[in-house]
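Reader: Please take me through the place where the ligand sits. I want the contacts, the surroundings and the space itself.

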Amino acid sequence: MNILITGATSGIGEQVARDYAAAGHQVWVCGRNQEKLAQLAALGDVHPLQFDVTDTKQCQQHLGDLQGLDLVILSAGVCEYIDDAQHFEVELVERVFQANFFGMVNCAQSLLPNLSKGSKLVFIDSMSRLLPFTRAQAYGASKAATFYFAKSLGVDLKPKGIEVVTVSPGFVKTPMTDANDFAMPMRVTVAQASAALRSQLAKGRRTIYFPRVFGWILRFMHKLPTAMQLWLAQRMKD
Ligand SMILES: NC(=O)c1ccc[n+]([C@@H]2O[C@H](COP(=O)([O-])OP(=O)(O)OC[C@H]3O[C@@H](n4cnc5c(N)ncnc54)[C@H](OP(=O)(O)O)[C@@H]3O)[C@@H](O)[C@H]2O)c1
């Protein structure tokens, strides 16, 4: 397969890129970290693309002419929490949305005209979109927006034979979560995350959650009445 992965210079995206490359696929890896991109390019059939996903022009310049992709995985993202809900900075919310939401929208816009029947476009959101977690106003909202955008896009791309897939990870040990100062139940390794992602994609799943048990728990909580969700979220905060 011809596979393009954003956020391939770290964490989940990097592991998935390494695993697909090791399995003999041709992989385009995207990120800003030149050194990491060069390391990945040394793996073999791996093509580095250095650009910032928040820059619409750069996305168009690097992605606009790519043809024949079978699988696109949009993984690039950032996480910032709001520490003081009464005095938050709108710039923080904008930064998170620029990378997590508009970054994926920019890449999708540049790639879609050249995607054809049978190709898959994968958006990595997060299980954080399922509950109103403390301090996650910007991050959770950006992931909820991504999920909605992707699912709605999937409705309109279905007649063209382009499949849109969403992936909602729980906690995965990466530089992103290494910065967290709270307990992360059922956190998995990037190797486990990559294996779950690749196997569920191969099975044709369109809405992917891993780790599985954490996904069941959060989806159950998501179905509870809002008052109960808020009570649970408050308990997690206290
Ligand atoms: N780790 C988790 O527990 C977890 C859970 C749920 C969802 N997720 C989601 O999974 C995805 C990957 O997370 P991760 O944990 O693997 O994070 P990570 O290790 O911090 O990696 C983030 C990746 O995003 C890229 N990136 C960030 N901003 C960018 C920008 N403006 N332009 C281009 N690339 C940019 C980084 O590349 P450069 O630095 O090279 O630009 C890096 O490759 C994210 O969307 C995250 O929200 C993660």
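Author: This is a predicted model. Start with the ligand's neighbours. There are 30 residues around the ligand, and T9, S10, R32, Y139 and T174 come nearest.

Now the polar contacts. The side chain of S10 has an N or O atom 2.6 Å from an oxygen atom of the ligand. G11 offers a polar backbone atom, 3.4 Å from a ligand oxygen. V172 also uses its backbone: a polar atom there is 2.7 Å from an oxygen atom of the ligand. The protein buries 91% of the 880 Å² that the ligand exposes when taken alone.

Next, the shell. Helices α1 (11-22), α5 (137-157) and α6 (175-178) each supply at least two of its residues. The largest share comes from α6, with three residues. By class, the shell around the ligand holds 13 nonpolar, 13 polar and four charged residues.

Then the space. The ligand takes up the largest pocket. That pocket has a volume of about 1400 Å³. Its lining counts 50 residues, and V78, C79, Y139, M176 and T177 are the closest to the centre. Y139 is thus on two lists: it is among the residues that come nearest the ligand, and among those closest to the centre of the largest pocket. Elements giving two or more residues to this lining are α1, β2 (26-31), α4 (90-111), α5, α6, α8 (212-222) and α9 (226-237). The lining has 26 nonpolar, 17 polar and seven charged residues.

How values were computed
Residues are numbered from 1 along each chain as its sequence is written. This is a predicted model: local features need pLDDT of at least 70, side-chain atom pairs count only at pLDDT 80 or more; totals for chains, interfaces and linings use all residues. Side-chain values use heavy atoms; hydrogens and water are left out. A residue is near a molecule or strand if one of its heavy atoms lies within 4 Å of it. A polar contact is a pair of N or O atoms within 3.5 Å; within protein, one must be able to donate a hydrogen and the other to accept it, and residues adjacent in sequence count only if both atoms are side-chain atoms. Accessible areas come from the Shrake-Rupley method with a 1.4 Å probe; for residues, only the protein chains shown count as cover. On a 1 Å grid over the protein atoms alone, a cavity is a set of points where a 1.4 Å probe fits but cannot get out, and a pocket is an open set with protein on both sides within 12 Å along at least five of seven lines; lining residues have an atom within 4 Å of a point. A molecule sits in a cavity or pocket if more than half of its atoms lie within 2 Å of its grid points. Helices (H or I, at least four residues) and strands (E, at least two) are DSSP runs, numbered from the N terminus. Ala, Val, Leu, Ile, Met, Phe, Trp, Tyr, Cys and Pro count as nonpolar, Asp, Glu, Lys and Arg as charged, and the others, Gly among them, as polar. Grid points are joined across faces, edges and corners, and a volume is the space filled by probe spheres set on the points.
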